[in-house]
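Work through the exercises below with the structure open. Try each task before you read its solution.

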Amino acid sequence: MRVAPVAKDPAVHSFLTLRSAVGWVALCLPFLLVIPWWAISNHLLPSSMSSYYYTGMRNVFVGSLCAIGIINMCCRGYDRRDTIAGILSGLFALGVGFFPTTPDSGATPFQEIVGNIHLTCAALLFLTLAYFCLFLFTMSASDRAVTRRKRHRNRVYRICGWVIIASVVLIAIFRTLHRPYLIGPLGSMFCFETTALLAFGTAWLAKGGTILKDEMQQERAELEQERRRQQRQMAGA
């Protein structure tokens, strides 16, 4: 009989892998959109990330949002708040992907309506992700000690949450001022969408254990504690 070298819960391992996958998708999405299109379109850049829907990078944009949405809807946390926030963030991500933004020029009244739905979903998505970072990811189970790395992760979660909120506020300010471009061809909305996604991706990588994972000594102590608990249960059976 084959024996695993270290006891692992497959459900927990799969859950953490999915969290990390969402983080990698969020971190890579801005670069997957801008670099290929910049190279093949004579160095032209849309004013926002959502505007890539009208370029040859549409499938990358929509597919990434679908991946984020489906995984978030399937992941669960400590309590009902995690479940509700996960489902809502997933639905908002799907809304961003399936309701395209208003075209930069020549928009019809119907496209204006769809574009407003897109903006609403995008704002709610980022605010829900900030809620994850500031309130849900910083929680700890009552039966587990708060390790040094957990305190470091909580600091990262809070920084990421406030970066997301600041990015949403700056997007709203630049739209109100009718400033579609920040510097040269760099769109203001694209810039702050990118900062929000980078913060979101960093938080999810930390939550998935890709970065700032607890020390091996702590993991071994927990495994030993679990082994002793099982031995006591078997002795009492």
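**Exercise 1.** Find the partner of Asp-79 in a salt bridge, and state how far apart the closest N and O atoms are.

*Solution.* The model is predicted. Start at Asp-79. Its salt-bridge partner is Arg-81. The closest N and O atoms of the pair are 3.1 Å apart. The cut-off for a salt bridge is 4 Å, so the pair qualifies. Side chains of opposite charge can pair when their charged atoms come close. Next, search the whole structure: the count is 1 salt bridge.

**Exercise 2.** Decide whether Asp-79 is buried, partly exposed or exposed, then do the same for Arg-81.

*Solution.* Recall the limits: buried is under 20% relative accessible area, and exposed is over 50%. Asp-79 has 27% relative accessibility, so Asp-79 is partly exposed. Arg-81 has a relative accessible area of 43%, so Arg-81 is partly exposed too.

**Exercise 3.** Locate the nonpolar surface patch that includes Ile-87, and place Ile-87 in its helix.

*Solution.* The patch is made by Ile-84, Ile-87, Leu-88 and Leu-91. Its area is about 320 Å². Ile-87 sits in helix α3, which spans residues 80-98. A patch residue needs over 30% relative accessible area. Ile-87 has 33% relative accessibility, so Ile-87 passes that limit and counts as partly exposed.

**Exercise 4.** Describe how helices α4 and α6 cross, and list the residues that meet.

*Solution.* Take the ranges: α4 covers residues 109-136, and α6 covers residues 188-207. Their axes come within 11 Å and cross at roughly 35°. The crossing is left-handed. Now read off the contacts. From α4 come Phe-126, Leu-129, Phe-132 and Cys-133. They meet Glu-193, Ala-196, Leu-197, Phe-200, Ala-203 and Trp-204 in α6.

**Exercise 5.** Work out whether Phe-192 is buried or exposed, and which residues it touches beyond four places away in sequence.

*Solution.* Phe-192 lies in helix α6. Its relative accessible area is 11%, which is under 20%, so Phe-192 is buried. Leave out residues up to four places away in sequence: Phe-192 then touches Ser-167, Leu-170, Ile-171 and Phe-174. Compare Ala-166. It is 26 residues from Phe-192 in sequence, with 8.6 Å between the C-alpha atoms.

**Exercise 6.** Summarise the whole chain: its elements and its share of buried residues.

*Solution.* Count the elements: 7 helices and 2 strands. From the N terminus, the order is α-α-α-α-α-β-β-α-α. Of the 237 residues, 39% are buried. The accessible surface is about 13600 Å², and 66% of that belongs to carbon and sulfur atoms.

Technical notes:
Residues numbered from 1 in each chain as written. Predicted model: local features only at pLDDT ≥ 70, side-chain atom pairs only at ≥ 80, totals over all residues. Heavy atoms only, no water. Helix = DSSP H or I, 4+ residues; strand = E, 2+ residues; numbered from the N terminus. Buried < 20%, exposed > 50% of the residue type's maximum accessible area, 1.4 Å probe, protein only. Areas by Shrake-Rupley, 256 points an atom, 1.4 Å probe, with all protein chains shown as cover. Patch = residues over 30% accessible without salt bridge, like charges linked within 9 Å, V, L, I, M, F, W, Y side chains within 5 Å. Salt bridge = Lys/Arg side-chain N within 4 Å of Asp/Glu carboxyl O. Axes fitted to C-alpha atoms, helices over the stretch in contact; angles between N-to-C directions. Left-handed = near helix turned anticlockwise from the far one by under 90°. Contact = heavy atoms within 4.5 Å.
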